[in-house]
Amino acid sequence: MTILNNPFSLLFIASISLFLFRVILIKTGFIFTFKRKWRCIKDCFHVYQFFKVPEFSENMQRNQLYYKVLLYLHSLASLEDSDFTNLFAGRKSNEILLRLDTNQIIEDDFLGAKMYWINQDKTLVLKIRKSDKRRVLQPYLQHIHTVFDEFEGRKRELKLYMNVVDDQKGRWRSVPFTHPSTFETTAMESDLKIKVKSDLESFLRAKQYYHKLGRVWKRSYLLYGASGTGKSSFVAAVANFLSYDVYDIDLTKVSDDSDLKFLLLQTTAKSVVVIEDLDRSLSEKSTAVSSSGILNFMDGILSSSCGEERVMVYTMNGKDHVDPAILRPGRIDVHIHFPLCDFTAFKTLANSYLGLKDHKLFPQVEESFQNGSSLSPAEIGELMIANRGSPSRALKSVINALQTEGDGNGGQHGRKAVEESGEPSGVFCTEGANAVKEFKKLYGLFRVKSNRKSPSFNLNNDLKSGL
């Protein structure tokens, strides 16, 4: 009776009971049953309207909208969270595809509205609240068309463009872009890799939202780190992932600020625009372009007018001595650090170059990294290529190089997460708190706290890769 009369004891018991209830829900299948029942309860308080998208029309012609919707649904991340789905082998040997099953229900969110797709026999059924229909139905269908066009665009041949000195044939020369780098071959922590890919996918699907905010639909990345740490390979991986052309701007061939604007004017949509070694160009004055010209190139009127559907990438060896105005949110959305190789990145390289997931010499390699030695991924990759016929010899050469040529910068090479700048980045700095909240909700931004020395990951600030 004493415990029951004590409000603090009752509060403690209630907290423990709630905690145990949540554990039971999460650790068992009850959480899915609970969510399903809760959705049924909510449905009782809403009126829904249904729209059918048949595979064939009345005259038995194929309905193109059906295939566009089907492709769109297969691209949704919620497909993985559904109760069941079909698995198929893709074109690549290690590719697994998720495909809808009959009567499967997929949930989608668009502009704050819940959309439900039901896969019936040769028909896709859209379930939407009547209260949301007038507001989101037409934009939602247009969004599906846009996503489909994005996927279709990936089938085209990619090109690499390089600027040349002004002549009668134009300022750009192109060659086929055949760089084989992908995120799968990138020596990057898997968690970080998923978040970078998610950021790019979110960008692809956010055209209408950017326009709703009155912003140009583009994304900008800063890649900084020592030479040979994989910045250029990362650019190629981004281009291949998005199926975007690459425009590589050589600032030494740009005559002045106006010429730089003209080059941007001649780029096309669906492209990655790259300026490499920006810090060196500014510090050594090796280009006729001024700092003001770079700032206007990043977010000036021209950039806002003709920068649509582009990913801007700038690389640097370091950003400590760069004008903070260049790095501020709005000009740079995501900062990604490329440190020297650590043991985690080494294992990725060993798997890619030598096909090794484990080896008896791995502990010696790990010990060398723990002692503060490090090499760039490019240096380790070259050693593995030269000795690819004998994995043991390749690993021994890496160990010898770490012991004799390592620079001992132990504090630099470790795999780090994201360091927070304390300021929101780029497209998240919109006027009005409601716009910020809605945009964050759209992208599902989150922060992952860690007890490690490195700070937490946040796409609003710096991504730390170990490429």
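Lys 114 is partly exposed in this predicted model, with a relative accessibility of 26%. Its salt-bridge partner is Glu 107, and the closest N and O atoms of the two are 2.6 Å apart. Glu 107 is partly exposed as well, at 29% relative accessible area. That pair is a handy way into the structure, which holds twelve salt bridges, 16 aromatic pairs and two cavities of 30 Å³ or more.

**Salt bridges**

- As a reminder of the principle, side chains of opposite charge can pair when their charged atoms come close.
- Arg 328 and Asp 299 meet through their side chains in a salt bridge, with an N to O distance of 2.7 Å.
- Arg 328 sits in the loop between α14 (324-327) and β13 (334-338), while Asp 299 belongs to helix α12 (residues 291-299), so this pair ties together parts that are 29 residues apart in sequence.
- Both partners are partly exposed: Arg 328 has a relative accessible area of 34%, and Asp 299 has one of 25%.
- Glu 107 and Lys 114 come up again here, since salt bridges with shared partners join them and Asp 109 into one network.
- Lys 122 pairs with Glu 55, and here the closest N and O atoms are 3.8 Å apart.
- Lys 122 is found in the loop between β5 (113-120) and β6 (123-129), and Glu 55 in the loop between β1 (48-54) and α4 (64-74), so the bridge ties together parts that are 67 residues apart in sequence.
- The two ends of this bridge fall into separate exposure classes: Lys 122 is partly exposed, with 48% relative accessible area, whereas Glu 55 counts as buried at 12%.

**The second largest pocket**

- If you are looking for open space, the second largest pocket offers about 460 Å³.
- Its lining is made up of 21 residues, and those nearest the pocket centre are Thr 185, Ser 233, Leu 349, Tyr 353 and Pro 377.
- Two helices, α15 (343-354) and α17 (377-386), each supply at least two residues of this lining.
- The biggest share of the lining comes from α17, which gives six residues.
- By class, the pocket lining divides into ten polar, nine nonpolar and two charged residues.

**The second largest cavity**

- Of the two cavities of 30 Å³ or more found in the whole structure, the second largest has a volume of about 30 Å³.
- The residues lining this cavity are Tyr 221, Leu 223, Phe 234, Val 238 and Val 313.
- Strand β9 (218-225) and helix α9 (231-242) each supply at least two residues of the cavity lining.
- The lining of this cavity has five nonpolar residues, with no polar and no charged ones.

**Aromatic rings and a lysine over them**

- A pair of aromatic rings is described by the distance of the centres and the angle of the planes.
- Among the residues involved in ring pairs, Tyr 72, Phe 110, Trp 117 and Tyr 140 are linked into a cluster.
- Lys 127 lies over the faces of two tyrosine rings: that of Tyr 48, at 4.5 Å from the ring centre, and that of Tyr 116, at 5.6 Å from the ring centre.

Terms used. Residues numbered from 1 in each chain as written. Predicted model: local features only at pLDDT ≥ 70, side-chain atom pairs only at ≥ 80, totals over all residues. Heavy atoms only, no water. 1 Å grid on protein atoms, 1.4 Å probe; cavity = no way out; pocket = protein on both sides within 12 Å on 5 of 7 lines; lining within 4 Å. Points joined across faces, edges and corners; volume = space filled by probe spheres on them. Helix = DSSP H or I, 4+ residues; strand = E, 2+ residues; numbered from the N terminus. Nonpolar A, V, L, I, M, F, W, Y, C, P; charged D, E, K, R; others polar. Salt bridge = Lys/Arg side-chain N within 4 Å of Asp/Glu carboxyl O. Buried < 20%, exposed > 50% of the residue type's maximum accessible area, 1.4 Å probe, protein only. Phe/Tyr/Trp six-rings, centres within 6.5 Å; stacked < 30°, edge-to-face > 60°. Lys NZ or Arg CZ within 6 Å of the ring centre and 35° of its normal.
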